[in-house]
Amino acid sequence: MSAADVQALVVGALQGLGASTVFVLVLFIGFCVIVGFTKTKKTAGGAAMVVKSLDERISHRPFAYLAPSAPHGPADQLKSPELNEKR
């Protein structure tokens, strides 16, 4: 093998690696842009521009969200006795 053959091999490997990297980046960025545009569709029941939940997306009806002060399960961790102790 001569120096010209080694140089051609290295240049070809770098071109192949660069082309595959660019292809994967274009594919990934294109997918993210397309999926991002689907989020800007108006919801069926609300006036918002973003689909807020999968249930709202599938059922095509507005989803009833809980108020921030509503308890979210068997124990409200933000109002636990340990957090309410006065120091």
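The pLDDT is the predictor's confidence in each residue, on a scale from 0 to 100. It is a helpful place to start, as the structure shown above is a predicted model. Across the protein chain the pLDDT averages 77, and 63% of the residues score at least 70. Confidence varies from element to element: helix H1 has the highest mean pLDDT, at 92, while helix H2, covering residues 54-59, has the lowest, at 67.

The overall layout is easy to follow. The protein chain holds three helices and zero strands, and its elements run α-α-α from the N terminus on. Of the 87 residues in the chain, buried ones make up 6%. The accessible surface comes to about 7800 Å², with 70% of that area belonging to carbon and sulfur atoms. As for contacts between residues at least 6 apart in sequence, 0% join residues at least 24 apart.

Helix H1 invites a closer look. With 36 residues at 1.5 Å each, H1 should span 52 Å, and the 53 Å between its end C-alpha atoms agrees with that expectation. The number of buried residues in H1 is zero, so this helix lies largely in the open.

The start of the chain also contributes to a nonpolar surface patch. Met1, Val6, Leu9, Val10 and Leu14 together make this patch, which has an area of about 550 Å². Met1 sits in the segment before helix H1, which itself covers residues 3-38. Met1 counts as exposed because its relative accessibility is 81%, and a residue needs over 50% to be placed in that class.

Key
Residues numbered from 1 in each chain as written. Predicted model: local features only at pLDDT ≥ 70, side-chain atom pairs only at ≥ 80, totals over all residues. Heavy atoms only, no water. Patch = residues over 30% accessible without salt bridge, like charges linked within 9 Å, V, L, I, M, F, W, Y side chains within 5 Å. Areas by Shrake-Rupley, 256 points an atom, 1.4 Å probe, with all protein chains shown as cover. Salt bridge = Lys/Arg side-chain N within 4 Å of Asp/Glu carboxyl O. Helix = DSSP H or I, 4+ residues; strand = E, 2+ residues; numbered from the N terminus. Buried < 20%, exposed > 50% of the residue type's maximum accessible area, 1.4 Å probe, protein only. Contact = heavy atoms within 4.5 Å. Expected span 1.5 Å × (residues − 1).
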